[in-house]
Amino acid sequence: MSILILAEHDGNHIKQSTRQAVSAAAAWQLPIHLLVAGSSSESLAKEASGIAGVAKVLHAEAAHFEHPLAEDVAALLVQLGADYKVILSAHTSFSKSVLPRVAALLDVAMVSDVVSITAPATYVRPIYAGNVLSTVESSDAIQVLTIRATSFAAATDGANAEVAKVNVPPSTGLSRWVKEDKTVSDRPELSSARVVVSGGRSLGERFNELLEPLAHRFGGALGATRAAVDAGFAPNDIQVGQTGTIVAPELYFAIGISGAMQHLAGMKDSKIIVAINHDPDAPIFQYADYGLVANLFEAVPELTAALSK
Ligand code: FAD
């Protein structure tokens, strides 16, 4: 029996979170197969075959995978799944849509957001917005799980795995790709950035004006609270937290952020947290390594200017 990992990619490269899923899968000490579903995706399959720890790449090439949809990828995984002991992927928006469908179709439990694998079917996962860690054991014959990417190191290159083409079932026709609105940015991907500069709703319309130069100074990514996103000051895809992206960078700036538990759930594993807030009692200060009680509209430009010297 082997482990099957659903690889995620942006059409050009395999995502970092897939490399982290490969590291997580090493816990089973079983052969690891990586499923690459795409269109004109030979180079992706080749890249996947070089990831250390991967024994085999299953290459699913089909026109309808130019923009992979959850229903179609789930149908493919179900077709392949019976031969595997574990089906896993990173806990990303896409896999959170695919793997529960797979678990339901295979009639097994879905174990999501695993931060540690303590034995082959025993997992640690956060509950109550990260305030409690629960240990769960699954007795299903096929284990279906997503792992929290930031809890595992990324597998590097170093393999030369076999690439095997797989038969792809026709599109289910249950959903249709219409269009994608993407924020074009030369900044690193939020989930894997070394530095994240996040802001709350108090930044208002000046969100980008104040935070971009600071993020640029560190080559970091921008993040936001849900309140900032809901108010329309920041785009949805940079929301950090329980219902956004989970990050664990080396340095996290929380600027004008109160520190609600749903936000903390997405960033409290950051190595160093720097908070700027004019309220000395803001909960974020309980988690910050460095705290500055100040008006952000003065402190942020001063900090950016000082760092640029
Ligand atoms: P506020 O709580 O309004 O805080 C603003 C802060 O800015 C305050 O601390 C204030 O002192 C400070 N401030 C104001 N003006 C200045 C100034 N001039 N200088 C310095 N400081 C200033 N939230 C998330 O972030 N991510 C999630 O994924 C998420 N998921 C959620 C899921 C659910 C089911 C629910 C119910 C809520 C969720 N939330 C999430 C919302 C969360 O509960 C908070 O409402 C939100 O995080 C607050 O955002 P904020 O810190 O920007 O705003």
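**Sheets and helix pairs: a short tour**

Let's start with two strands. Strand β1, residues 2-6, and strand β2, residues 32-38, pair in the parallel sense over 4 bridges. One position to look at is Ile-3, which stands opposite Ile-32 in β2. A word of caution before going on: this is a predicted model.

Now widen the view. β1 and β2 belong to an open sheet of 7 strands. Read across, the order is β5-β9-β4-β1-β2-β3-β10. The pairing is parallel. Which strands stand at the edges? They are β5, residues 110-114, and β10, residues 162-165. Each has a single partner strand, so one side of each is left without a neighbour in the sheet. The sheet is also twisted from strand to strand: neighbours are turned by 25° against each other on average, direction ignored.

What lies across this sheet? Helix α2, residues 42-49, lies across β2, β3 and β10. Strand β3 covers residues 54-61, and α2 runs at about 170° to β3.

On to the second sheet. This one is open too, with 3 strands in the order β6-β7-β8. Here the pairing is antiparallel. The edges are β6, at 116-119, and β8, at 132-137. Again, each edge strand has a single partner, so one side of each has no neighbour in the sheet. Neighbouring strands are turned by 35° against each other on average, direction ignored. Look at β6 and β7 together. Strand β7 covers residues 122-127, and 3 bridges join β6 to β7. Within that pairing, Ser-116 has Val-124 in β7 as its bridge partner.

As general background, strands of a sheet pair through backbone hydrogen bonds, either parallel or antiparallel.

Next, helices. Take α3 and α4. Their axes are 9 Å apart, and the two pack at an angle of about 45°. α3 and α4 are therefore oblique to each other. Their crossing is right-handed. Who makes the contact? From α3 come Ala-70, Glu-71, Val-73, Ala-74, Leu-77 and Val-78. From α4 come Phe-94, Ser-97, Val-98, Leu-99, Arg-101, Val-102, Leu-105 and Leu-106. By class, that contact has 11 nonpolar, 1 polar and 2 charged residues.

Keep Glu-71 and Arg-101 in mind. Their side chains meet in a salt bridge, at 3.5 Å from N to O. Glu-71 lies in α3, residues 70-81, and Arg-101 in α4, residues 93-106, so the pair ties together parts that are 30 residues apart in sequence. In general, side chains of opposite charge can pair when their charged atoms come close. For the model, the count comes to 10 salt bridges.

One more helix pair. Helix α5 spans residues 207-218, and helix α8 spans residues 296-307. How do their axes cross? They come within 10 Å and cross at roughly 30°. That makes α5 roughly parallel to α8. The crossing of α5 and α8 is left-handed. On the α5 side, the contact uses Leu-210, Pro-213, Leu-214, Arg-217 and Phe-218. On the α8 side, the residues are Leu-296, Phe-297, Val-300, Pro-301, Leu-303, Thr-304 and Leu-307. The classes here are 10 nonpolar, 1 polar and 1 charged.

To recap. One open sheet has 7 strands with parallel pairing. Another has 3 strands with antiparallel pairing. α3 and α4 cross in the right-handed sense, whereas the crossing of α5 and α8 is left-handed.

Methods. Residues are numbered from 1 along each chain as its sequence is written. This is a predicted model: local features need pLDDT of at least 70, side-chain atom pairs count only at pLDDT 80 or more; totals for chains, interfaces and linings use all residues. Side-chain values use heavy atoms; hydrogens and water are left out. Axes are lines fitted to C-alpha atoms, for helices over the stretch in contact, and angles run from 0 to 180 degrees between N-to-C directions. Angles under 35 degrees count as roughly parallel, over 145 as roughly antiparallel, 65 to 115 as roughly perpendicular and the rest as oblique. A crossing is left-handed if the near helix is turned anticlockwise from the far one by less than a right angle, and right-handed if clockwise. Contact means heavy atoms within 4.5 Å. Ala, Val, Leu, Ile, Met, Phe, Trp, Tyr, Cys and Pro count as nonpolar, Asp, Glu, Lys and Arg as charged, and the others, Gly among them, as polar. Two strands pair if DSSP finds at least two bridges between them. A salt bridge is a side-chain nitrogen of Lys or Arg within 4 Å of a carboxyl oxygen of Asp or Glu.
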